[in-house]
Amino acid sequence: MKNLLGGKGANLAEMSNLGLPVPPGFTITTEVCTYYYDHGRAYPQELKSQVEKALDYVGKLTGRTFGDAENPLLVSVRSGARASMPGMMDTVLNLGLNDVTVEALAKGAGDERFAYDSYRRFITMYSNVVLDIEHHHFEEILDEFKDRKGYTLDTDMTAQDWKAILPRYKALVEKELGKPFPQEPQEQLWGAIGAVFGSWMNNRAIKYRELHAIPASWGTAVNVQAMVFGNMGETSATGVAFTRNPSTGESELYGEFLINAQGEDVVAGIRTPQDITEKARVASGSDKPSMERAMPDAYNELVRIYGILEKHYRDMQDMEFTVETGKLWMLQTRNGKRTAKAALRIAVELASEGLITQEEAVTRVEPAALDQLLHPTIDPKAERKILATGLPASPGAASGAIVFNSDDAEAAKKAGHKVILVRVETSPEDIHGMHAAEGILTTRGGMTSHAAVVARGMGKPCVSGAGQIRVDYAAQTLTVAGQVLKKGEILTIDGSNGQVLLGQVKMLEPELSGEFATLMGWADKVRRMKVRANAETPLDAKTARSFGAEGIGLCRTEHMFFEGDRIVAVREMILSDDEAGRRAALSKLLPMQRKDFAELFSIMSGLPVTIRLLDPPLHEFLPHSEEEMQEVAKSMNAPIDKLRHRARELHEFNPMLGFRGCRLAVAYPEIAEMQARAIFEAAVEAGKTTGQPVVPEIMVPLVMTKPELDLVKERIVAMAEAVKHESGVAIEYQVGTMIELPRAALRAGEIAESAEFFSFGTNDLTQTTLGISRDDAASFLGPYTQKGLLPADPFVRPNIKLGICGEHGGDPASIHFCESTGLDYVSCSPYRVPIARLAAAQAALGAKAASQA
């Protein structure tokens with residue numbers, strides 16, 4: 001019932017049904033949130049009496065009464081949307097405390113320090129979450145008090161110290177708000193409920209929903225639950241645990257806990273937590289006892305419960321728990337967020353353990369997350385100048401210039417610079433900066449802090465809790481071991497071992513694990529669509545093959561023209577005054593093109609290769625600045641005026657719709673002839689060396705009418721005949737076209753009479769259909785998606801043979817569409833091939849499930 005109760009509420013109810021120790025409580029459903037926003041932030045009439053009834057019932061179960069001066073029931077108020085939104089929604093603990101009930105709590109527990117510690121926490125949290133008073137105001141009062149007393153830790157504070165601080169906290173609230181801190185428990189409760197619903201529309205939550213395509217209409221639920229206290233002394237604790245390691249996927253209990261603490265201490269990263277298992281403690285070199293040693297009974301109970309939960313949910317769980325005077329209570333469980341590496345291992349191992357099927361394992365890994373596995377790591381041979389070591393919070397390595405705030409990170413990214421975002425700790429306000437940075441470094445916080453969780457989800461390297469580093473936001477510097485680094489200096493972070501390194505360090509390209517091959521094997525078994533790669537260079541082609549590409553779906557020949565001697569020959573051709581001059585220049589290009597194609601055909605060894613004839617306008621090959629003009633004129637021994645004149649002649653107001661694509665082949669058939677000849681000669685050569693027959697697919701770009709295609713095809717066929725005559729080898733080949741204009745799409749039936757295959761060029765087709773320039777769209781697409789006019793940025797979305805080969809070829813949402821329309825293949829960049837293979841398998845499984853339903 002996640003849609004109604006939210007993720008947290010549904011899981012709490014589920015754990016209660018399993019008979020696990022869950023503190024009693026109730027859930028105000030997501031429907032109330034929707035009602036609240038539909039009715040000008042007002043509640044349904046019957047809600048108040050229902051909440052009172054539920055509170056009475058919780059009171060009966062715990063033997064306490066909400067607001068009672070002698071034996072008060074205290075509650076926590078937490079949000080819970082149906083999709084887990086880490087750090088987005090706010091929690092209030094210890095609600096129901098006031099100047100009277102705090103005395104009763106102290107008396108009941110026989111522990112004054114605990115009661116006043118809980119009360120000051122309640123005032124800071126409630127003031128921050130509900131009354132909107134910044135947390136740091138309270139921290140400053142506390143730090144100043146501790147400095148005066150010579151304390152370093154909050155745990156040094158005595159009951160009398162906390163009592164002394166409370167009047168200052170209350171005075172601060174009155175000064176900021178103009179009215180005193182609310183003492184009436186009912187007023188506190190409704191304030192907290194309103195704050196949870198209110199936070200559904202705060203900027204952080206809106207930004208997170210935008211990034212993760214979560215509709216605002218879902219709303220959040222509110223969970224009100226009897227408090228259990230992890231801060232009742234040395235036999236109490238609070239912690240977060242995963243049933244498997246969320247970074248590596250290893251099947252072992254993984255997590256952190258703190259003795260004599262409340263939940264927010266672990267997640268907020270204010271105190272550095274301790275390990276749960278003895279094995280992890282030894283591995284981390286910590287001198288603080290593990291939970292296994294310090295609280296063996298509670299630890300054994302946790303192990304028992306995690307077995308039950310993993311079998312019940314058939315997935316890795318992320319659990320929150322509290323130990324109150326020796327008794328373990330479960331506060332939350334949910335399917336744990338994990339890195340792609342862990343997701344693969346967990347999916348394969350759960351299938352091997354028989355908890356899920358192989359087909360389910362295929363659906364358990366988010367295709368886009370495979371990107372993380374394809375991330376660089378630091379070369380083991382590289383010299384490491386280690387500045388500091390923190391916690392390895394999210395794998396992968398990254399280098400970049402230091403920035404200290406998210407706005408700078410975003411600005412740098414827009415200007416094309418790579419940056420590392422350095423913060424004391426990140427908060428949900430930093431989402432945009434984390435998105436823009438290559439990696440994230442924080443000086444505070446554990447493996448379950450905000451920075452760690454969000455970075456893992458984004459697939460960004462992150463090092464957290466690097467406590468030796470001092471960050472000075474005002475001076476824009478970071479200091480470590482006497483060294484001062486300023487904004488803009490280069491840092492490298494290694495998210496796999498927590499190291500922070502000086503300068504740029506050499507990286508290695510990623511290799512894939514055994515589980516990757518296993519899961520991909522399972523995916524390939526159920527996949528219908530073929531996956532090809534867009535590749536021009538031998539390196540691209542080899543990479544694509546290693547990632548399992550089944551051919552080249554797009555080879556953009558112009559990419560081969562920009563190197564050394566080639567660009568000179570292309571420019572000679574452009575500057576020629578007549579056909580004879582152009583042919584002379586093209587004859588220099590022929591052997592280079594032939595060599596390129598022969599290499600690609602050999603690497604692809606019999607797999608299909610689609611080669612697109614020259615597409616961009618000719619002026620793209622000419623120099624642009626005056627300096628370059630002079631350099632080129634000199635090297636070509638050509639008069640500079642001629643160069644300038646030709647550049648002016650070729651200049652276009654709208655090159656995207658200008659003299660390009662098959663229009664070049666119509667005006668200068670010799671270009672298409674040279675390319676076709678190079679392709680056929682290379683096919684003969686590669687066929688001989690590999691022993692595999694090569695079947696080239698020649699693609700004519702930007703066709704709008706059938707006669708255009710017929711004219712160019714005639715030249716291609718003539719070249720095939722000529723090469724057959726010269727070499728004595730007949731090559732099988734296909735001529736097709738790129739559908740990238742609306743007219744071609746609408747008249748495709750007619751064009752198909754001449755074409756043997758189509759490939760949809762989704763980048764240009766999207767631009768010409770919507771009339772939106774891809775390079776200029778960024779300025780207005782934001783408001784379009786925010787205002788719901790477009791569901792997403794159209795460029796990042798998603799027996800004739802049909803395929804697509806734009807950015808959409810590697811986009812999981814678009815691949816689902818291609819599966820539903822029955823396309824034969826998608827083609828994408830080499831690094832996206834595994835993503836497309838997995839997405840195509842999931843699309844096939846989805847189609848199968850839909851047909852069975």
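Let's start with a definition: two strands pair if DSSP finds at least two bridges between them. Keep that in mind while working through this predicted model.

**Exercise 1.** Find the bridge partner of Thr 477 in E21, and decide whether E20 and E21 count as paired.

*Solution.*
Step 1: Locate strand E20, residues 477-480.
Step 2: Look across to E21, where Lys 486 is the bridge partner of Thr 477.
Step 3: E20 and E21 are joined by four bridges in the antiparallel sense. The cut-off is at least two bridges, so the strands pair.

**Exercise 2.** Place these strands in their sheet and work out why E19 and E21 stand at the edges.

*Solution.*
Step 1: Write down the order, E19-E20-E21, an open sheet of three strands with antiparallel pairing.
Step 2: Strand E19 (470-472) and strand E21 (483-486) each have a single partner strand, so each has one side without a neighbour in the sheet.
Step 3: Going from one strand to the next, the twist averages 20 degrees.

**Exercise 3.** Now trace the open sheet of five strands and say which helix packs on it.

*Solution.*
Step 1: The order is E9-E8-E7-E10-E11, with antiparallel pairing.
Step 2: Strand E9 (274-275) and strand E11 (327-335) are the edge strands, pairing on one side only.
Step 3: Helix H13 (residues 296-313) packs on this sheet and touches strand E7 (237-242), strand E10 (317-324) and E11. The direction of H13 makes about 30 degrees with that of E11.
Step 4: Return to the E9 edge: E8 (residues 254-259) pairs with E9 over two bridges, in the antiparallel sense. Here Phe 257 stands opposite Gln 274 in E9.

Note on methods:
Residues are numbered from 1 along each chain as its sequence is written. This is a predicted model: local features need pLDDT of at least 70, side-chain atom pairs count only at pLDDT 80 or more; totals for chains, interfaces and linings use all residues. Side-chain values use heavy atoms; hydrogens and water are left out. Contact means heavy atoms within 4.5 Å. Axes are lines fitted to C-alpha atoms, for helices over the stretch in contact, and angles run from 0 to 180 degrees between N-to-C directions.
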